[in-house]
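Here are some notes for a first reading of the structure, set out as numbered points. Please keep the sequence and the 3D view open while going through them.

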Amino acid sequence: MNSWLVPVEKLRLCDRTAMYALLENHFEGVTWDGFQSDLDRKNWVLLLRDETSNALKGFSTMMLCQTVFSGEQISVVYSGDTIVDPSAWSSTTLPRTWIAAVNFLRQHYAENKLYWLLICSGFRTYRFLPIFWQDFYPRYDAATPDRIANLMASLAREYYGNSYQEAMGIVRFKHPQILKDGLIEIPTGRQTNPHIQFFEEKNPGYRLGDELVCLTEIRYDNLTRAGQRMWQAKSPLQFVQDSVLI
C-alpha cells in the first residue's frame, strides 16, 4: 500500500468522503457531522491506499499539540478515528507508516518529550501497545505509576472534557461509534492472551463503545524490537504539503 501524511486542512472533499465511507462500513453510530467534528479537532491524517486501484484502505487521524504538565512543557499526540479494511490486515503498512509519521512529526514539530494518548474501544487497537512499545499504561503486569496516572488524567480531561470518566479510566462519548459484529468480538482462543484479558476487564463496556485511555512515551528506546524494526524500516510514507494527491 501507499501512504500519505496530510495536514487536515489540505484534505479534499473526496478524501473526507472516502474516509467517512470506510468508517461507516466498520462502525455503528457514525454520522457525517460527528465525523467532520472529530476530524476538524485533529491536524494530521495518515491515508493508506491500494497501490493498484488507489482505493482508500485505511486511515488514522491525530492531533499533535503542546501543553504543560507539572511545570514542564510536553508534546502530545492524541489519536482519533483509525480503521484499516480487513482486506489489508495482513499488511504492516499502518504500524510502519504510523511510526514513521510520528517520527517525522517528532523531529519537525516537537521539541519536548512526546507522549501518545490513545483511546481504545477494541482489543486490536490496544494490542498495538504491547507489540510495539515497552512501557505503556495501563497494563496487566505493572501498576500505573502515580505520575503517569496523573498525566493521563490531566490530558484526558483537557481533551475529552466531561466525556472522560476518571474513576474508570475511560472515555464515554454521548454518541459512541461501535465496531460492527464480526469486528468487535474477541475471537475464540485469543481470550487467554493476558493483554486482551486485561483490556476486557479494564474496559467492560467496550461493546457499547467505551474507550480505554492509554499512554506511552514516544522515543526510540521505548520501542520493542518489533517497534524498532518499524522505526528503522524504509517507509512508503509521503508527506503532502498541498491538496494534490495521486
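1. Is Glu217 buried or exposed? In this predicted model, Glu217 has a relative accessible area of 18%, and because the limit for buried is under 20%, Glu217 counts as buried. Its salt-bridge partner is Arg219, whose side chain meets that of Glu217 at 2.8 Å or a little beyond, namely 2.9 Å, N to O.

2. Arg219 deserves a second look, since the side chain of Arg219 also meets that of Asp221 in a salt bridge, at 2.5 Å from N to O. Unlike a buried residue, Arg219 counts as partly exposed, at 30% relative accessibility.3. The structure holds 12 salt bridges, and one that rewards attention joins the side chains of Arg49 and Asp15, at 2.8 Å from N to O. The pair links distant parts of the chain, with Arg49 in strand β3 (residues 44-49) and Asp15 in helix α1 (residues 13-26), 34 residues apart. Side chains of opposite charge can pair when their charged atoms come close.

4. How buried are these two partners? Arg49 has a relative accessible area of 7% and is buried, and Asp15 is buried as well, with a relative accessible area of 2%. Arg12 belongs to the picture too, for Arg12, Asp15 and Arg49 are linked in a network of salt bridges.

5. Helix α1, which holds Asp15, also packs against another helix: the axes of α1 and helix α2 (residues 32-39) come within 11 Å and cross at roughly 115°, and the crossing is right-handed. On the α1 side the contact is made by Leu13, Arg16, Thr17, Met19, Tyr20 and Leu23, while α2 brings Trp32, Phe35, Gln36 and Leu39. Sorted by character, the residues of this contact divide into 7 nonpolar, 2 polar and 1 charged.

6. Met19, one of the contact residues of α1, appears again in the largest nonpolar core, which has 62 residues. Those with the most contacts inside this core are Met19, Phe59, Trp98, Trp116, Tyr126, Trp133 and Ile218, and helix α3 (residues 93-109) gives the most to the core, with 6 residues. A second, separate core has 21 residues, including Val76, Ile148, Tyr159 and Leu215.

7. Which residues does Ile218 touch, not counting those up to four places away in sequence? Ile218 touches Val77, Trp98, Val102, Arg106, Leu114, Tyr115, Trp116, Trp133 and Trp231. Of these, Trp98, Trp116 and Trp133 are also listed with Ile218 among the residues that have the most contacts inside the largest nonpolar core.

Terms used. Residues are numbered from 1 along each chain as its sequence is written. This is a predicted model: local features need pLDDT of at least 70, side-chain atom pairs count only at pLDDT 80 or more; totals for chains, interfaces and linings use all residues. Side-chain values use heavy atoms; hydrogens and water are left out. A nonpolar core is a set of buried Ala, Val, Leu, Ile, Met, Phe, Trp, Tyr and Cys residues joined through side-chain atoms within 4.5 Å. Buried means under 20% relative accessible area, exposed over 50%, partly exposed in between (1.4 Å probe, protein chains only). Helices (H or I, at least four residues) and strands (E, at least two) are DSSP runs, numbered from the N terminus. Contact means heavy atoms within 4.5 Å. A salt bridge is a side-chain nitrogen of Lys or Arg within 4 Å of a carboxyl oxygen of Asp or Glu. Axes are lines fitted to C-alpha atoms, for helices over the stretch in contact, and angles run from 0 to 180 degrees between N-to-C directions. A crossing is left-handed if the near helix is turned anticlockwise from the far one by less than a right angle, and right-handed if clockwise. Ala, Val, Leu, Ile, Met, Phe, Trp, Tyr, Cys and Pro count as nonpolar, Asp, Glu, Lys and Arg as charged, and the others, Gly among them, as polar.
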